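Student: I should like to work through a protein model by question and answer. May we begin with the terms that the discussion of its strands will need?

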Amino acid sequence: MDASRDTIPDLLLGWYDRNARTLPWRAPPGTPAPEPYRVWLSEVMLQQTTVAAVKDYFARFTARWPHVTDLAAAADEEVMAAWAGLGYYARARNLLACARAVAERGGAFPDTEEELRALPGLGAYTAAAVAAIAFGRRAVVVDANVERVVSRLFALEEPLPGSRPTIRALADTITPDSRAGDFAQAMMDLGATVCTSRAPRCLLCPLADPCKARAAGEPERLPVKAAKKAKPTRLGRAFWIERDDHVWLVRRPEKGMLGGMRALPDDGWIARGDGSGKGPIDGPWENAGRVGHVFTHFALELSLQVHIGALAGDPPGEGEWWPLDRIDEAGLPTLFAKAARLALAETV
């Protein structure tokens, strides 16, 4: 490590001691580390989601399931419903699998990256974050904020995502042996509040002097990102079947899009293709409009069809009649919650 790199941990940790964000899952600098369960839960929730969106979910989860063993004992459908709206629902399934694996260990998380990686759903980032923040292990923690800070510190011209191994190697050169958890959180805070994507606040940055992108006069240009591929748009239908102030809801298959969630019946749309257009029962159907949603790899336009005919028994397959006045408690994923709001607006 050269002389300028030697100064980075002290400069950043000094800044963090004065400017650390107050977050419900975090222990302030200089205080005992937070409970591993809280660190792990927050890190899983924060993947591809904003801090602002996660705060209320974290508070509700920890109030309802204050310990990892409580979460492990929860019913799948209760956890999936509580997760609704956070998106990326495979995380919720992995959350339960991991909680149950930890419960089988007596409720204690392992304290090394290697052992943490062996738990269900813990990738390199989450394992490193838990090891560093909860257990004080030296670990290289790299999220999107850290990628941006490191790319600018070292004026890295290689575009993302191909530059990620280089970014991790460079982050390793500045990660200290002590206070690794605080250092990781300081890097995240710096990226979130000072070294922002647009209009970075370089005059307030504790790392302004060693920053090569600032010295070059164009920090906002970095990190370089490869051009995004256009997302395909898929077409599908969702079906609103109402009887006696109840709506017919189904449980989606455990594997696949929005797995294990309650939802409206649909026509089998998938990421690779449009739906069939076929409803679960015969019509007549009335078109109530469209809702759109953007997933990681595709966009979806979902046409909402409302059944206006007489019903002869329940629709085929497994499902349940859910009270309309409790639809907000069904835990519908965002896509189907949009469709439900549209249907209710049409039927008022």
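Tutor: Two strands are said to pair if DSSP finds at least two bridges between them. The model before us is predicted.

Student: Over how many bridges do β3 and β4 pair?

Tutor: The pairing of β3 with β4 runs in the antiparallel sense. One position of this pairing is R251, whose bridge partner in β4 is R262. Since pairing requires at least two bridges, the count just meets that requirement, because β3 and β4 are joined by two bridges.

Student: Which residue in β3 is the bridge partner of E242?

Tutor: Strand β2 covers residues 242-243 and runs antiparallel to β3, with two bridges joining them. The two strands form a hairpin with two residues between them, and D244 in the turn has a positive phi of about 50 degrees. The bridge partner of E242 in β3 is V247.

Student: Which residue in β7 stands opposite L249?

Tutor: Strand β7 comprises residues 320-323, and its pairing with β3 is antiparallel over four bridges. Within β7, the residue opposite L249 is E320.

Student: In what order do the three strands of the open sheet lie?

Tutor: The pairing in this sheet is mixed. Its edge strands are β1 (233-240) and β5 (285-294), each of which pairs on one side only. On average, neighbouring strands are turned by 25 degrees against each other, direction ignored. With β1 and β5 at the edges, the order is β1-β6-β5.

Student: Which residue in β6 stands opposite E286?

Tutor: Strand β6 consists of residues 299-307 and runs antiparallel to β5, the two being joined by eight bridges. In general, strands of a sheet pair through backbone hydrogen bonds, either parallel or antiparallel. The residue in β6 that stands opposite E286 is V306.

Student: Is D182 buried or exposed?

Tutor: D182 lies in helix α11, which spans residues 180-193. Leaving aside residues up to four places away in sequence, D182 touches L13, Y16, P29 and G30. Its relative accessibility is 16%. The cut-off for burial is under 20%, and D182 therefore counts as buried.

Student: What is the relative accessible area of M257?

Tutor: M257 is placed in the loop between β3 (246-251) and β4 (262-263). Not counting residues up to four places away in sequence, M257 touches R252, W269, F295 and F298. M257 is classed as partly exposed because its relative accessible area is 27%.

Student: How far apart in space are M257 and N94, C-alpha to C-alpha?

Tutor: In sequence, M257 and N94 are 163 residues apart. In space, their C-alpha to C-alpha distance is 14 Å.

Student: Which residue does a cis peptide bond join to L160?

Tutor: Most residues other than glycine have a negative phi, and most peptide bonds are trans. The bond in question has an omega of about 0 degrees. The second residue of the bond lies in the loop between α9 (144-153) and α10 (164-174). That residue is P161.

Student: What is omega for the cis peptide bond from G283 to P284?

Tutor: P284 is located in the loop between β4 and β5. The bond that leads from G283 to P284 is cis, and its omega is near 15 degrees.

Student: What is the phi of Y88?

Tutor: Y88 belongs to the loop between α5 (76-83) and α6 (90-104). With a relative accessible area of 37%, Y88 is partly exposed. Its phi is positive although Y88 is a residue other than glycine, with a value near 50 degrees.

Student: Where is A155 placed?

Tutor: A155 is not a glycine, yet it has a positive phi of about 45 degrees. At 27% relative accessibility, A155 counts as partly exposed. Its place is in the loop between α9 and α10.

Student: What percentage of the residues of the protein count as buried?

Tutor: The protein has 13 helices and seven strands. Among its contacts with a separation of 6 or more, residues 24 or more positions apart account for 68%. The accessible surface comes to about 17000 Å², with 51% of it belonging to carbon and sulfur atoms. Of the 348 residues, the portion that counts as buried is 48%.

Technical notes
Residues are numbered from 1 along each chain as its sequence is written. This is a predicted model: local features need pLDDT of at least 70, side-chain atom pairs count only at pLDDT 80 or more; totals for chains, interfaces and linings use all residues. Side-chain values use heavy atoms; hydrogens and water are left out. Buried means under 20% relative accessible area, exposed over 50%, partly exposed in between (1.4 Å probe, protein chains only). Contact means heavy atoms within 4.5 Å. Accessible areas come from the Shrake-Rupley method with a 1.4 Å probe; for residues, only the protein chains shown count as cover. Axes are lines fitted to C-alpha atoms, for helices over the stretch in contact, and angles run from 0 to 180 degrees between N-to-C directions.
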